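This briefing goes through one protein chain, topic by topic. Please keep the sequence and the structure in view while reading.

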Amino acid sequence: MALLTLQDAELAYGLTPLLDRANLTIQPGERIGLIGRNGTGKSSLLKIIAGQMSLDDGVLGGEDGVSIAMVEQESAPPEAPTLRESLALCSGFEERFDERERWSAEARLTEFLHRFGLDENRPTVTASGGERKRAMLALALAQKSDLLLLDEPTNHLDIEGITLLEELLISGSVKSALIITHDRAFLDRVATRIIELDRGWLRSYPGNFAAYESRKADQLAAEEVAKRKFDKFWAQEEVWIRKGVEARRTRNEGRVRRLQALREERSARRERLGKVSLSVDAGERSGKLVAELIDVNKQFSQNPIVNELNLRIMRGDRFGFIGPNGAGKSTLIKLILGSLTPDSGSVRLGTNLQVAYFDQMRAQLDPERTLAETISPGSEWVETAQGKKHVMSYLADFLFAPQRAQAPVKMLSGGERNRLLLARLFAQPTNLLVLDEPTNDLDIESLELLEDTLQNYTGTLLLVSHDRAFIDNVVTQTLVAEGNGRWKEYAGGYSDWLQQRPQRLNEGSPSKSNVTADAPREKSRVKLSFKEQRELAELPQQIENLEIKLKEIHARLSDPNYHKIQAAQTIKDDVKAAEDLELSMNTKFERWSHLDQKNNTLGAK
């Protein structure tokens with residue numbers, strides 16, 4: 001039986017529906033990644049499932065007694081003397097469990113706090129954003145709920161925290177999960193199914209994010225073909241209705257009614273959301289040397305941030321900075337730029353530098369200024385790599401409607417502020433681009449477009465990010481914090497660093513779960529049986545057959561006349577058949593992935 005079902009769900013803010021007769025089924029054991037553009041209603045959907053919001057119409061159902069835990073995007077423990085006391089205030093252990101279960105839950109909470117590297121006796125007021133997020137995750141995991149809802153759980157977490165969370169999610173610490181995240185590496189490792197919220201509809205794709213990308217490309221192509229056919233037919237009917245008087249006398253009234261229905265359908269059709277348009281002007285060439293650090297040291301309160309660092313950054317280098325929260329990545333950036341003085345050593349900057357700095361705290365944005373004033377103060381025009389552009393048109397490239405140009409910055413969401421800051425940076429020529437956590441709050445499409453833009457950028461790039469896929473796709477070398485203020489340079493991105501880094505076996509190495517999160521799995525010594533070999537060979541065709549059947553059902557359900565001519569029971573049967581096919585595809589895909597990985601591991605021996 002399904003853990004939870006959503007049927008014909010409707011939710012709207014203003015005239016735009018966030019859920020438009022959407023359907024969703026969550027089965028026990030699933031780990032679903034929920035993706036979609038910013039503002040499409042993903043967080044609202046989680047709140048509906050958690051019982052914090054109500055649908056305008058539709059039905060939310062499921063098994064009796066299903067327990068749900070949720071960690072919101074900006075959730076934080078309430079103020080209390082210590083983290084442990086703070087979590088006790090919002091745990092609900094007293095109401096949910098009897099004495100024995102409560103003792104067990106509190107023991108689990110202690111375990112997860114320890115695994116996340118948290119001191120439960122630490123004063124809550126001194127905890128960082130990352131520590132507060134880890135505390136709320138520890139509490140949610142300790143509750144051992146039937147369904148865990150996570151809204152952007154990787155925000156404020158460093159890479160070590162993210163890989164630990166991945167390990168906990170896939171190791172059985174969580175029964176089922178529905179997760180909103182833009183972290184593609186996280187989705188690839190954790191998700192068993194991807195659900196996309198797009199124009200009010202929920203579309204299901206079995207497998208992880210990589211599998212979703214391949215299927216999504218095919219779907220968008222088919223959707224574009226269907227749209228062109230519809231528009232062509234509609235245009236032909238409009239020509240027919242506008243013929244002369246004689247034709248109108250003899251016109252078929254049924255055809256007239258069909259044309260009216262076509263007009264209504266075309267009017268109601270919601271086009272795919274626009275895309276951000278990004279470009280950055282590299283300006284004049286800087287000198288060959290961008291920055292040189294010799295024997296640089298910096299510490300705060302006896303805590304070494306940089307210890308005897310020697311580093312040379314040349315024109316065109318693309319550095320990624322990797323390290324845990326608190327390692328000093330932002331401090332090191334300021335030392336390189338010369339805005340912070342080292343305790344000892346020397347920093348030499350190159351010539352003709354034009355610096356654009358994306359600050360993760362967005363301190364460059366004045367909340368009281370309008371969007372237009374932020375982008376182009378004192379002028380209606382912006383100089384871009386393609387030439388002069390009106391500020392309204394330039395803001396539209398970043399998905400800001402003209403009517404919002406005079407709105408104050410303080411009215412924007414986190415993702416919108418990130419887009420605005422990128423727009424501000426890219427409105428000026430720069431040959432040294434510094435991005436400190438630019439990916440926070442950006443949806444996946446905007447992330448991928450930013451990647452493309454940076455790949456084509458010819459200047460020098462310094463990037464701080466915990467997004468592993470983003471680092472891999474953008475940088476050519478990494479500078480990694482290795483403890484006690486020591487930094488080491490490696491060729492390539494995050495994945496290349498994993499291959500090159502020394503084994504951390506001494507004191508200070510991460511917990512076992514953290515090591516296994518990055519390290520290759522222990523090679524199995526068990527060979528594939530004849531039955532497994534045959535199963536592995538047959539599964540791709542079985543999955544393909546199921547996909548064909550599912551497409552046939554989806555085609556029927558998408559027919560404009562389907563709901564008019566079919567009986568209610570037939571519609572219900574088709575919806576149920578589609579859900580069963582999706583579940584079967586998901587199961588077979590997981591089995592194929594397991595056997596294929598096992599076979600590849602054996603073949604590598």
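The points below start with the whole chain and then turn to its cores, its sheets and some single residues. The model is predicted. The chain has 605 residues, and 46% of them count as buried.

**The chain as a whole**

- The chain contains 21 helices and 20 strands.
- Its exposed surface is about 30,400 Å², and carbon and sulfur atoms supply 49% of that area.
- Among contacts with a separation of 6 or more, 69% are between residues 24 or more positions apart.

**Nonpolar cores**

- In soluble globular proteins, nonpolar side chains tend to be buried together.
- The largest nonpolar core here has 43 residues, and the members that touch the most others are Ile-375, Leu-420 and Phe-426.
- Helix H14, which covers residues 414-426, gives 6 residues to this core, the most of any contributor.
- A second core, separate from that one, has 33 residues, including Leu-139, Leu-164, Leu-165 and Phe-186.
- Which residues does Leu-420 contact, leaving aside neighbours within four places in sequence? They are Leu-365, Leu-371, Thr-374, Ile-375, Leu-395, Phe-400, Val-409 and Leu-412.

**The sheet of 6 strands**

- Six strands form an open sheet in the order S14-S17-S18-S12-S19-S20, and their pairing is mixed.
- Strand S14 (355-358) and strand S20 (487-491) are the edges of this sheet; each has a single partner strand, so one side of each has no neighbour in the sheet.
- On average, neighbouring strands in this sheet are turned by 15 degrees against each other, with direction ignored.
- Strand S12 (residues 318-322) and strand S18 (residues 460-464) run parallel and are joined by 4 bridges.
- Phe-319 has Leu-462 of S18 standing opposite.

**The sheet of 3 strands**

- Another open sheet has 3 strands in the order S2-S1-S4, with antiparallel pairing.
- Its edges are strand S2 (16-26) and strand S4 (57-62); each of these has a single partner strand, so one side of each is left without a neighbour in the sheet.
- From one strand to the next, the twist averages 20 degrees.
- S1 and S2 are paired over 8 bridges in the antiparallel sense.
- Ala-12 has Pro-17 in S2 as its bridge partner.
- Helix H1 (residues 42-49) packs on this sheet and touches S1, S2 and S4. The direction of H1 makes about 130 degrees with that of S1.

**A buried arginine**

- Is Arg-31 buried or exposed? Arg-31 counts as buried because its relative accessibility is 17%, and the cut-off for buried is under 20%.
- Arg-31 belongs to strand S3 (residues 31-35).
- A polar atom of the Arg-31 side chain lies 2.7 Å from the backbone oxygen of Val-190.
- Not counting neighbours within four places in sequence, the contacts of Arg-31 include Leu-169, Ile-170 and Ala-177. Val-190, Ala-191, Thr-192 and Arg-193 are also in contact with Arg-31.

**Two aspartates with positive phi**

- Most residues other than glycine have a negative phi.
- Asp-8 is not a glycine, yet its phi is positive, at about 50 degrees. Asp-8 sits in strand S1 (residues 4-13) and is partly exposed, with a relative accessible area of 33%.
- Asp-295 also has a positive phi of about 50 degrees without being a glycine. Asp-295 sits in strand S10 (residues 289-300) and is partly exposed, with a relative accessible area of 36%.

**Residues that meet strand S10**

- Ser-346 is in strand S13 (residues 344-349) and is partly exposed, with a relative accessible area of 36%.
- Ser-346 and Asp-295 are 51 residues apart along the chain, and their C-alpha atoms are separated by 6.9 Å.
- Leaving aside neighbours within four places in sequence, Ser-346 contacts Glu-292, Leu-293, Ile-294 and Val-296.
- Met-314 is in strand S11 (residues 303-314) and is partly exposed, with a relative accessible area of 25%.
- Met-314 and Ala-291 are 23 residues apart along the chain, and their C-alpha atoms are separated by 7.1 Å.
- Apart from residues up to four places away in sequence, Met-314 touches Lys-288, Leu-289, Val-290 and Thr-460.

Terms used:
Residues are numbered from 1 along each chain as its sequence is written. This is a predicted model: local features need pLDDT of at least 70, side-chain atom pairs count only at pLDDT 80 or more; totals for chains, interfaces and linings use all residues. Side-chain values use heavy atoms; hydrogens and water are left out. A nonpolar core is a set of buried Ala, Val, Leu, Ile, Met, Phe, Trp, Tyr and Cys residues joined through side-chain atoms within 4.5 Å. Buried means under 20% relative accessible area, exposed over 50%, partly exposed in between (1.4 Å probe, protein chains only). Contact means heavy atoms within 4.5 Å. Accessible areas come from the Shrake-Rupley method with a 1.4 Å probe; for residues, only the protein chains shown count as cover. A polar contact is a pair of N or O atoms within 3.5 Å; within protein, one must be able to donate a hydrogen and the other to accept it, and residues adjacent in sequence count only if both atoms are side-chain atoms. Two strands pair if DSSP finds at least two bridges between them. Axes are lines fitted to C-alpha atoms, for helices over the stretch in contact, and angles run from 0 to 180 degrees between N-to-C directions.
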